[in-house]
Amino acid sequence: MGTGHTKGTHRDGPQPLTPYLSARHYFGSQQRRHREQAGLSLNQFAGIVNSSKSTLGRIETAELMPPPDIPSRLDIAFGTDQHFHELYELARREIHPDQYKRYMDFEYRAEVIEQYGAQALPGLLQTEEYARELLRCQEDLSPEQVEERVTARMSRQGRLRSENPPFRWAIIDEAVLWRQVGSPDCMSEQLASLLEQVDTPSSKVQVMPFSAGPHSLLGGALTLLTLPDGTSVAYEEGIQAGHLYEDPVAVKKWRRQYDVLRANSLTLDGSAERIRTAMEGYRP
């Protein structure tokens, strides 16, 4: 791989690149290097990869995390096999806090993903607009950081549409269905997406009803991951931070609590009906 160029197009004049500052910076420098070697301006290149000049320019200067569909378009345009795809996989992991990166690696490899959401839908179930509205509530995130997190969250869902997706089981507290995030249209779209995933060959969704009363997982979110070698890890998430459990004894404790929750949740048919009822509440 070559180094990044130090000149480029920017509305305020040439802007130097810093390709070795991070994987995202290196991604941008590689895009510019290949584009300039092909003799393409940003305008010309935008037409080839069906993106905007602004988006591509900001990717090159590392102001913007590449949207998840860009790497494959670059690899096709430049004939670079999976070069940009591989760089993107590194770059998207940098967005998350350090304590989350190991969990991300486990999630990417997991064959079974079991989740519980008490206050909001787990990231793998979120639509783009729902995710954006949730992230906007975090006051320490700038608009640019919000968009980066949205892009990263959506990229995690790419594996769900692959030829060999993980098997997912999600338990959603009924409160999540009724807590409006964003506009009524946002919620209607989100619940429609959730409904589609209630009972498929690779996903199941149950609703934990209000009538079930309190339970041990009421205050947080839990994810159980089963890896290809049969081992499991648990990730418990609070308001400010999450904790990854790899010790088998600790994971067994979390799994026991999840199994109790599953037994007390609505059936798949009952869950689908409860989601439909909530959807009616967001329609004019």
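Helix H1 is mostly covered, with 13 of its 15 residues buried. Keep in mind that this is a predicted model. Below you'll find how some of the helices pack against each other, plus a few residues worth finding on screen.

**Helices on their own: H1 and H8**

- H1 runs over residues 23–37, and its first and last C-alpha atoms lie 21 Å apart, close to the 21 Å expected at 1.5 Å a residue.
- Go just past the end of H1 and you meet Gly39, which takes a positive phi of about 70°.
- Helix H8 covers residues 143–156, so 14 residues, and at 1.5 Å a residue these should span 20 Å. The end C-alpha atoms of H8 are indeed 20 Å apart, which agrees.
- Which residues of H8 are buried? They are Val146, Glu148, Val150, Thr151, Ala152, Arg153, Met154, Ser155 and Arg156.

**H2 against H3**

- Helix H2 (residues 42–49) packs on helix H3 (residues 53–60) at an angle of about 105°, and their axes are 9 Å apart.
- That angle makes H2 roughly perpendicular to H3, because anything from 65 to 115 degrees counts that way.
- On the H2 side, the contact uses Leu42, Asn43, Phe45, Ala46 and Val49, while H3 brings in Lys53, Leu56, Gly57 and Glu60.
- Sort the residues of this H2–H3 contact by type and you get five nonpolar, two polar and two charged.

**H7 against H8**

- H8 also has a packing partner: helix H7 (residues 128–136) meets H8 at an angle of about 140°, with the two axes 9 Å apart.
- H7 and H8 are therefore oblique to each other. An angle has to be over 145 degrees to count as roughly antiparallel, and about 140° doesn't get there.
- The crossing of H7 and H8 is right-handed.
- From H7, the contact takes in Glu128, Ala131, Arg132, Leu135 and Arg136, and from H8 it takes in Val146, Glu147, Arg149, Val150, Arg153 and Met154.
- How many of the residues in the H7–H8 contact are nonpolar, polar or charged? Five are nonpolar, none is polar and six are charged.
- Some names turn up twice here: Val146, Val150, Arg153 and Met154 of H8 are in the contact with H7, and they are also among the buried residues of H8.

**H10 against H12**

- Helix H10 (residues 184–196) and helix H12 (residues 268–280) have axes that come within 10 Å and cross at roughly 165°.
- That makes H10 roughly antiparallel to H12.
- H10 and H12 cross in a left-handed way.
- Ser188, Leu191, Ala192, Leu194 and Leu195 make the contact from H10, and Ala272, Ile275, Arg276, Ala278 and Met279 make it from H12.
- By type, the residues of this H10–H12 contact split into eight nonpolar, one polar and one charged.
- Now look at Pro184, which sits in H10. Pro184 counts as partly exposed, with 38% relative accessibility.
- Pro184 and Gly281 are 97 residues apart in sequence, yet their C-alpha atoms are just 8.6 Å apart in space.

**Tyr100**

- Tyr100 belongs to helix H6 (residues 98–109).
- Is Tyr100 buried or exposed? Its relative accessible area is 13%, so Tyr100 is buried, given that buried means under 20%.
- If you skip the neighbours within four places in sequence, Tyr100 is in contact with Arg156 and Tyr235. You've already met Arg156 as one of the buried residues in H8.
- Arg276, which helps form the H10–H12 contact, is 176 residues from Tyr100 along the chain, and the C-alpha atoms of Tyr100 and Arg276 are separated by 34 Å.

**Two loop residues with a positive phi**

- Most residues other than glycine have a negative phi. With that in mind, two residues deserve a look.
- Asn50 isn't a glycine, but its phi is positive, near 55°. Find Asn50 in the loop between H2 and H3.
- Asn50 is exposed, because its relative accessible area is 61% and the cut-off for exposed is over 50%.
- Asp81 also isn't a glycine, and it has a positive phi of about 55°. Where is Asp81 found? Look in the loop between helix H4 (70–78) and helix H5 (83–94).
- At 66% relative accessibility, Asp81 counts as exposed.

Conventions:
Residues numbered from 1 in each chain as written. Predicted model: local features only at pLDDT ≥ 70, side-chain atom pairs only at ≥ 80, totals over all residues. Heavy atoms only, no water. Helix = DSSP H or I, 4+ residues; strand = E, 2+ residues; numbered from the N terminus. Expected span 1.5 Å × (residues − 1). Buried < 20%, exposed > 50% of the residue type's maximum accessible area, 1.4 Å probe, protein only. Axes fitted to C-alpha atoms, helices over the stretch in contact; angles between N-to-C directions. Parallel < 35°, antiparallel > 145°, perpendicular 65-115°, else oblique. Left-handed = near helix turned anticlockwise from the far one by under 90°. Contact = heavy atoms within 4.5 Å. Nonpolar A, V, L, I, M, F, W, Y, C, P; charged D, E, K, R; others polar.
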